[in-house]
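Visitor: Could you take me through a structure feature by feature, giving the general idea before the particular case?

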Amino acid sequence: MWTLAGQGWWRGRALAAWVTEAARKGLLWPHLAPARGTAAESRAPDRCYSSADRKEKIDMSCFPVENTRNFSIIAHVDHGKSTLADRLLELTGAIDKTKNNKQVLDKLQVERERGITVKAQTASLFYNYEGKQYLLNLIDTPGHVDFSYEVSRSLSACQGVLLVVDANEGIQAQTVANFFLAFEAQLSIIPVINKIDLKNADPERVEKQIEKVFDIPGDECIKISAKLGTNVESVLDAVIKRIPFPKAHCRNPLRALVFDSTFDRYRGVIANVALFDGVVSKGDKIVSAHTQKTYEVNEVGVLNPNEQPTHKLYAGQVGYLIAGMKDVTEAQIGDTLYLHKQPVEPLPGFKSAKPMVFAGMYPVDQSEYNNLKSAIEKLTLNDSSVVVHRDSSLALGAGWRLGFLGLLHMEVFNQRLEQEYNASVILTTPTVPYKAVLSSAKLIKEYREKEITIINPAQFPDKSKVTEYLEPVVLGTIITPDEYTGKIMMLCQARRAVQKNMMYIDQNRVMLKYLFPLNEIVVDFYDSLKSLSSGYASFDYEDAGYQTAELVKMDILLNGSIVEELVTVVHKDKAYSVGKAICERLKDSLPRQLFEIAIQAALGSKIIARETVKAYRKNVLAKCYGGDITRKMKLLKRQAEGKKKLRKVGNVEVPKDAFIKVLKTQSDK
């Protein structure tokens, strides 16, 4: 009788591998074989691989359209979307079950540091249910309002959603917003009540909230704990039973929607596609409906959750496609791909994202301009909601004016530039896009439109040229415990908000709807709201167009000279407080000179705020050890005259770091 040690370690390893595989299939100990539907059998069956080696390509024809389900997970921030996605990946055998499985689909460094999802991520899961093998395409989406464009894009590739609600916190503002995104897209909605293991969890109360706000029967809710894995199997069963399969046909010509894309420095653009019709395989020649350029497909595959090449992708399936697109402008999100010489009607694509906040971005050193330009181009491919305009400044040099969906979106974009492309930038204070209605036909002819949009305050037209100014407004939804209602109402009134609606969603929680001017909430409203409500209130907003407003252009003067980079647009009522704050910040930032510097905030010719940087001065009285007062007065008068003369001829050079301190976003707000 031979032993493992006697026959060599390699035979021992081979035998151990055979025993493990035999045990898995139930050949050695049938009573220990895994039950059907568990992780071990929830991978693609062996017949779907091109050889016995499981690393070979999967044959996706094993999954007909009837056995395919495409769904997203949507929820408010921190309600457990990514945790639920981790459990689903474990349950279907896509990843091994370990304690380290946290935010598996959150691949960006910024996502792991902040504990939030920024990019929607796709994963294809293989699940055995009642003897049939199903392909479940899961898309994990962000929860913050600034990334709602990611959510709306993801929903275009789905037929249903899991609406996750925290059993402790209940329905929050972004839960409502995401529900209506899915409802408008006519998707099947499966409500999932998560975190039932928490001490203060009250799933029955949340059930009633869902029934009242969304009109979904309480018995359709699935109660789970994603952290512990409690009842997660029923979520997969519900996905198969309650979400319809995609309406797609393999026999029709290829129609593929590009719903996301990333840039790889070696392989070019990697496009995430949802196939609505037809089949695509390696070697096919495809055409972009947007650019009309032809490409040869180098690789197709699914994300499981890492890239796994396949022979083909079939109608109804979601995967990735690499076709040698080297230029970042070639892979437009929302584009339709079709086979060469088989043109089709392009898919509707996406409504372009409307930027809510604009900020100037400049390289710290102008020699880094081209590197930063390349980094911004590659990052905007991955984050298509960012709008880029060229800009330049006398103080900061050449740069860009970037449009973002919100303040967090701006911070994350800046952080990704630093982490992924090692680019250091100067980011100016965020502003919102205003509009002006021109008064004369001559001006309309010059600008080629009656209503112009102003994204740079320095280009704000004078009052004599316009009939009215317009500012952007948003419809904000605040959900809060009722004891904080009074404080929050006072905060909203201070921000020039108009109340539209107030509704109790249960005995203790109130949903308030307000119409806000966007520039009042863009910088520090969310922080103030969280402080007032001890962190319990949640806030979400959606675009509500423009309204007439009394806007004024505020100039900042240094010794009577206007500094263009510091020009701001403010509401007439807030002009004094904003002007005072900028003057104080500038006083702290400017170095002292041999002459006095007057820092002024002006509305036209009217000065509304002033700070003074005192001059360096010699003690001219040091040599006077007594004597008559007139001697001292004569010396002081002569010094004052010299300073006055110096002030006339001396120019105030504002150093770059002073501009950065005044212009950059204020972290202490």
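What follows is a conversation about confidence, burial, helix faces and aromatic rings.

Guide: This is a predicted model, in which local features need pLDDT of at least 70 and side-chain atom pairs count only at pLDDT 80 or more, while totals for chains, interfaces and linings use all residues. Residues are numbered from 1 along each chain as its sequence is written, and side-chain values use heavy atoms, with hydrogens and water left out.

Visitor: What is the mean pLDDT of the protein chain, and which element has the lowest mean?

Guide: pLDDT is the predictor's confidence in each residue, from 0 to 100. The chain has a mean of 79, with 84% of its residues at 70 or more. Helices (H or I, at least four residues) and strands (E, at least two) are DSSP runs, numbered from the N terminus; among these elements, helix H1 (residues 9–25) has the lowest mean, 50, and strand E5 (residues 188–194) the highest, 91. Over residues 1–11 the pLDDT is below 50. Where pLDDT is low, the predicted coordinates should not be read in detail.

Visitor: Is Ser533 buried or exposed, and which residues does Ser533 touch?

Guide: Buried means under 20% relative accessible area, exposed over 50%, and partly exposed in between, with a 1.4 Å probe and protein chains only. Ser533, in the loop between helix H13 (525–532) and strand E26 (538–549), is buried, with a relative accessible area of 0%. Contact means heavy atoms within 4.5 Å, and, leaving aside residues up to four places away in sequence, Ser533 touches Thr480, Tyr484 and Ile488. Ser533 and Tyr484 are 49 residues apart in sequence, yet their C-alpha atoms are 5.8 Å apart in space.

Visitor: Which residues of helix H11 are buried, and what covers them?

Guide: In H11 (residues 485–494) the buried residues are Thr485, Ile488, Leu491 and Cys492. Seen down the helix axis, they fall within an arc of 125° (taken from the directions from the axis to the C-beta atoms), so they line one face of H11. Met490 and Gln493, on the other side of H11, are exposed. The cover over the buried residues includes strands E23 (466–481), E24 (498–504) and E25 (509–517), together with H13.

Visitor: How many aromatic pairs does the structure hold?

Guide: Rings of Phe, Tyr and Trp (its six-membered ring) pair if their centres lie within 6.5 Å; planes under 30 degrees apart count as stacked, over 60 as edge-to-face and the rest as tilted. The structure holds 14 such pairs. Tyr484 and Tyr536 form a stacked one, 6.4 Å centre to centre with 20° between the planes, and this pair links distant parts of the chain, 52 residues apart.
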